[in-house]
Amino acid sequence: MSRKVTKIPQIQQDIPIEARQLRVAAYCRVSTRHEEQYHSLEAQISYYTNYIQRNPNWKFVAVYSNIASGTRTANRPGYQKLMGDCTKRKVDLILVKSLSRFGRDTLETIRQIRRLKRINVGVYIENGGLNTLNISDSMIDQLAALDQAESQFRSENIKFGICHRMRSGKTVLNHTQFLGYTKGSDGILQIVSEEAEIVRKIFDLYIQGNGVRKIKRYLEEHGIKTVTGKTEWSTSTIDRMLSNEKYVGEVRMQKTFTTDFLTGRRKKNIGQLESHLMENAHEPIIDRETFELVQKMKGQIKKQKAPFNEHKQS
């Protein structure tokens, strides 16, 4: 008996997501607070807001965003808010540029997408034009693995680029939270006079015999605000300022390094990797003699504390 194959036509064509009545959100993320990435995040938020609102079939929910690594969800309040709103059935579709923006940890990304699929929330990946509701779990697994590999490759390339810039004397500094300086049009740090006076006062107070706690009290009692506009100072911030070589016009590059791509954990570089010191990188706020005196005083205090700490441990 010969076999017979009968074609059964598709009854209903898939409706494109653009033509569906959906409550749509988007998620954006950049990894650092560098000025270029901050502007990139603003551009992404503007793009997705306009893109969603232009579609008459879509109801705009929100654009959720973070300035953080994509490896740790605990450090991403925007991401957590998005997941919470999805659980509350406020969102039908999430737009992302790529899975690596959604998250770099393959297992975490897969777990969250599967959870969203169970409550019928899709993630639309622009790079590839894929809706997670319409593809198999195995394909999602492969896409997430590929995205993690791509992110790791990109991370290694960035490290290589940073090392190359260091060797050629080029630096990338976060000047937005750096008391005393701002970045000039040529990319070189320039002194902010009012803030520089605060820096000099902190060094003067320390030389006069005031510890970081007394300096903290002085700044707060005199209404002097931090670089971020806060009225309360941190003693650890003051301590780091007193040892910051940038205040004498130098830049030490690669003082810390990332030990693990996925966790994003950083360690102090005490010789594990090469580092570079650039002298005369910009105009100093503190003279060399003052800075070295402060380092000497700090070193003496550490030596005085050492026997006490050893006694406590014994």
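A residue counts as buried under 20% relative accessible area, as exposed over 50%, and as partly exposed in between. With that scale in hand, the predicted model can be read starting from two loop residues with unusual backbone angles.

Most residues other than glycine have a negative phi. R89 departs from this pattern, with a positive phi of about 65 degrees although it is not a glycine. This arginine lies in the loop between α2 (77–87) and β3 (93–96). Its relative accessibility is 45%, so R89 counts as partly exposed. N120 also has a positive phi, near 65 degrees, and is likewise a residue other than glycine. The loop that holds N120 runs between α4 (106–118) and β4 (122–125). With a relative accessible area of 54%, N120 is exposed.

Strand β4, which follows that loop, contains I125. Here the relative accessibility is 5%, and I125 therefore counts as buried. Leaving aside neighbours within four places in sequence, I125 is in contact with V96, K97, S98, L99, L130 and T132. One of these contacts, L99, is 26 residues away in sequence, yet the two C-alpha atoms are 6.7 Å apart in space. A second buried position is T49, with a relative accessible area of 18%. T49 is found in helix α1 (residues 35–54). Not counting residues up to four places away in sequence, T49 touches F60 and V63.

Aromatic rings offer another view of the model. A pair of aromatic rings is described by the distance of the centres and the angle of the planes. The structure holds nine such aromatic pairs. In one of them, the rings of F178 and Y181 have their centres 5.3 Å apart and their planes at 35 degrees, so this pair is tilted. F178 and Y181 are both buried. Y181 also pairs with Y247, and here the arrangement is stacked, at 6.2 Å centre to centre with 20 degrees between the planes. This second pair links distant parts of the chain, as Y181 is in strand β6 (residues 181–183) and Y247 is in the loop between α8 and β8 (251–253), 66 residues apart. Y247, like Y181, is buried. Ring pairs link F178, Y181, F203, Y247 and F291 into a cluster.

Charged side chains also sit over aromatic faces. K246 lies over the face of F178, at 6.0 Å from the ring centre, and F178 is itself part of the ring cluster. Elsewhere, R76 lies over the face of Y79, at 4.1 Å from the ring centre.

Helix packing completes the picture. Two packed helices are described by the angle between their axes and the distance between the axes. For helix α7 (residues 212–221) and helix α8 (residues 235–242), the axes come within 9 Å and cross at roughly 110 degrees. Angles of 65 to 115 degrees count as roughly perpendicular, and α7 is therefore roughly perpendicular to α8. On the α7 side, the contact is made by V212, R213, I215, K216 and L219. These meet T235, I238, D239 and L242 in α8. By class, the contact has five nonpolar, one polar and three charged residues.

Technical notes: Residues are numbered from 1 along each chain as its sequence is written. This is a predicted model: local features need pLDDT of at least 70, side-chain atom pairs count only at pLDDT 80 or more; totals for chains, interfaces and linings use all residues. Side-chain values use heavy atoms; hydrogens and water are left out. Axes are lines fitted to C-alpha atoms, for helices over the stretch in contact, and angles run from 0 to 180 degrees between N-to-C directions. Helices (H or I, at least four residues) and strands (E, at least two) are DSSP runs, numbered from the N terminus. Angles under 35 degrees count as roughly parallel, over 145 as roughly antiparallel, 65 to 115 as roughly perpendicular and the rest as oblique. Contact means heavy atoms within 4.5 Å. Ala, Val, Leu, Ile, Met, Phe, Trp, Tyr, Cys and Pro count as nonpolar, Asp, Glu, Lys and Arg as charged, and the others, Gly among them, as polar. Buried means under 20% relative accessible area, exposed over 50%, partly exposed in between (1.4 Å probe, protein chains only). Rings of Phe, Tyr and Trp (its six-membered ring) pair if their centres lie within 6.5 Å; planes under 30 degrees apart count as stacked, over 60 as edge-to-face and the rest as tilted. A charge sits over a ring if NZ of Lys or CZ of Arg is within 6 Å of the ring centre and within 35 degrees of the ring normal.
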